[in-house]
Every structure is written in C-alpha cells, then in structure tokens.
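Here is a guided walk through one structure, taken a piece at a time. Keep the 3D view open beside the text and turn it as you read.

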Amino acid sequence: MSSFSSPAVAQTPPSAPPVVIVAPATAGSFSETTELTGRIEAQDRVVIIARVTAFLNEQLFKDGAEVKKDQLLYRLEQAPFQADVDAKRATVAQAQARLENADLALQRALQLLEKSAGSQSVADNARAEQLSAMAQLQLAKAQLQASEISLAYTEIRSPINGRIGRSLITPGNVVGPAAGMGNGLLTTVVSQDPMYVVFPISARALQELHDKSARQGKLFPTQIRLRLPNGQIFKQTGKLDFMDNAVSQDTDTILLRGVIANPPVPESTGETGNFRELVHGEFVTVIIESGEPTKAISMPRSAVLTDQKGDFVYVVDNDKKVEQRRISLGQSTPMTAMVVSGLKEGENVVIDGLQRISRPGIEVNPQPAATPANRN
C-alpha cells in the first residue's frame, strides 16, 4: 500500500483589533435650558421724515454710520423760509407800533375824561382800539413763531443716538410731509445698546418655567443668553423685562421680551463706526436657564446610539473589550449628550469607529480623541 501525505494548509494570521476613537466621560453640573427663536429689536426706532416741503440741498452723513442725538443729517433749502420769517418779524414790529399808538390814544382819552373835557364814548373806542391792537400783536407773534418753526425744520437732526440707514432721497429732489409726494421718508435711525429680544413661548412651556422657578422662590427665570446665527453664544447675558398681557388665540403662545447689552466689538471701528453683533431685525436663539443645576455626565453626542430598547453607548474597559452600556439622557444639544445614569466619570466611550464594532465583547484598539492642541 502506498501512503499519500496531505498538502500543507496555510494558516491565516489573526486580524488586528479594529481601531476606535474613545473619549473619557466627564462630570459636571448643568442647568436645564429652554431654547426659543427670537428676534432682535432696537429699543428706539425713528423714521426720519421731512416736515416741510422744500428742495433737499445737503446730506450730511455717511450711509450706515453711527450718529449722535441732535446731529445734523439733512439741510433743506432755507431762503424761502428765511424770507417768510423776515416778513413776519416786520408784521410783528408793525403790530407793536399800532399797540403803542393805541396805548397813547387811550391815555389821552382817559385824561380828558377825568377833566370833563372828553366823552365816555371816545374813551371806550380808544380802549377797544387798544384791545384790538393787542390781539393783532399776539396774532403776528404766533405767525412769526410758526414761520420760525418751519425754518428750523429745514435742518433735520437725529432725535436719538444710533445707527442710521441709507438715505432714500438724494439732494436736488423736492421732499415734504405730504403722503402724495412719496418723498417724505428720508431714512431711519435705530438705537444699538441695549437691545430688545422678543420671542413667543407656548403657554405650557411658560407654566413649566414658572413651576421650576417657583421652587427657587422666583416668579420666572430672569437670565437669558443668545445664540447668534453663526452658532456662537453671545458673550453678554440679558434679563427678561416684559411679558405680554394675553395669549395669542391663533398660536397659544405669549410674547416675552428681554433686554441685553450690545457693546461694540473691540478693535472693530471702521468708516461707519463700531461693529456690534446684535442688529435690529436679526433672528437669534434665546436660551433660558431654569431650575437648579443638576449633576450629569457629558460626552460627544456622536457616541450615542439608539435601538428599540433605548439609548446606549459602547464603553472600552481596561482589557480593551467593548461593553454595551444602556444610558438615560438628560437635556442634550446636537454636539453634547448629557447622561444622567448609566455611565461613570472617566469611563472611555467610543465616539468614532462605531461601525467597526460587530458585537459587544470584542477586543478593540482604542485611540484617544484628538484635542484642539494636537489636531492638524
């Protein structure tokens, strides 16, 4: 019998453990927040309108610049108004002369009446003439005042400190207050610091805020923060200062308002003044903190997975084995998850490479997450 030897079979080397990125769970105190969409409003908003009809001679500001209260913005044609004032002053002088003459006539009539050389009717007529002259003088002075007011309106000044918009009318055009002219509105000025933020909140959410604040002896939470459109948190904190007196029947919401400082950004001065981050009409996210801070574990939101049983994460133990851990989440953000139970501080949680974990219990090669200092 002949024997046949079996061919050698190549042995496949064991595969290396999959690489995963881990980050330690960190503990801290966190306040529950309510986030709402709000709109920034200037405390003072002024529409600049020409109050007399005249040609616009000069624009004395740069569009979009910061202006001061009583700063001269426009100058209208003044010559016709100055001429009218001069004419009214002459009328006042004429009325004053007539009154002085009427005073003298009355004095003479009274003196003659005392000496029985005059009649009562003459004295009465003299007194009537004096009263008429006095009234004419008062009328002339009132007309002069009206003309002086119209002359003053040819210089249009800013009533507030703030930022001015673009000029809607250029010099050379006729402007005036009449709606039919269409040239009454010249520009707008809005105040900049502090600013209002107005936002609606549902009646139910408002009641919840009240209940949480009542446990701390407060009527409502007073502090607010803002998230700007670029996602950054505004550095200044504000406070609630107004709640509307009725709930909207259409939306079941009530309007709240906060006030917040809006200082210039350091080293941001340009041709039109200082740059400020809050702008009238801008949409922002209003963040209201409520309740006492609670202790929780935080970690990147990308580490949390969800199945039919709820939320869970993968934790890498000291033996580099993966363990599935069920967790309970508190109030979280798109970037950070707040874990109220299921994790301990310092445990390494898988935040990247989750697709490489085929099942709990496998061995992995954990690598620490990059920090801002060592990222490329």
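By class, seven nonpolar, eight polar and two charged residues make up the lining of the second largest pocket in this predicted model. That gives a lining of 17 residues, and the ones nearest the centre of the pocket are Arg163, Val190, Gln192, Val279 and His280. The space inside comes to about 270 Å³. As a reminder of the idea behind such a value, rolling a probe the size of a water molecule over the atoms shows where empty space is left.

Which strands supply at least two residues each to this lining? They are β8 (162-164) and β10 (185-190). The largest share, three residues, comes from β10.

Both strands also turn up in an open sheet of four strands, ordered β3-β10-β8-β5 with antiparallel pairing. At the edges stand β3 (45-49) and β5 (66-67); each has a single partner strand, so one side of each is left without a neighbour in the sheet. If you follow β3 across to β10, you will find five bridges joining the two in the antiparallel sense, with Val46 opposite Val189 of β10.

Just before β8, take a look at the loop that links β7 (155-157) to β8, where Ser158 lies. Is Ser158 buried or exposed? Its relative accessible area is 1%, so Ser158 counts as buried. The side chain of Ser158 reaches the backbone oxygen of Ile160 at 2.6 Å.

Now move to helix α2, which covers residues 120-152. At 1.5 Å a residue, its 33 residues should span 48 Å, and the end C-alpha atoms are indeed 48 Å apart, so the two values agree. The buried residues of α2 are Ala123, Ala126, Gln130, Ala133, Leu137, Ala140, Leu144, Ser147 and Leu151. To read that list, recall that an α-helix has 3.6 residues a turn, so residues three or four places apart point the same way.

The remaining stops are all strands. Strands of a sheet pair through backbone hydrogen bonds, either parallel or antiparallel. Strand β1 (residues 19-24) shows both senses: β1 runs parallel to β22 (residues 365-368), with four bridges between them, and antiparallel to β21 (residues 348-352), again with four bridges. Ile21 stands opposite Gln367 in β22, while Val22 has Val350 of β21 opposite.

Next comes β14 (residues 253-260), a mostly covered strand in which six of the eight residues are buried. β14 pairs with β11 (residues 195-202) through eight bridges in the antiparallel sense; there, Tyr196 has Val259 of β14 as its bridge partner. β14 also pairs with β13 (residues 238-243), antiparallel over five bridges, and here Met243 is matched with Leu256 in β14.

Finish at a hairpin. Strands β17 and β18 form it, with five residues between them. How many bridges join β17 (residues 310-316) and β18 (residues 322-326)? There are five, and the pairing is antiparallel. Along this pair, Tyr314 stands opposite Gln324 in β18. In the turn, Lys320 has a positive phi of about 65 degrees.

Methods:
Residues numbered from 1 in each chain as written. Predicted model: local features only at pLDDT ≥ 70, side-chain atom pairs only at ≥ 80, totals over all residues. Heavy atoms only, no water. 1 Å grid on protein atoms, 1.4 Å probe; cavity = no way out; pocket = protein on both sides within 12 Å on 5 of 7 lines; lining within 4 Å. Points joined across faces, edges and corners; volume = space filled by probe spheres on them. Nonpolar A, V, L, I, M, F, W, Y, C, P; charged D, E, K, R; others polar. Expected span 1.5 Å × (residues − 1). Buried < 20%, exposed > 50% of the residue type's maximum accessible area, 1.4 Å probe, protein only. Pairing = 2+ DSSP bridges. Polar contact = N/O pair within 3.5 Å; in protein donor to acceptor, adjacent residues only side chain to side chain.
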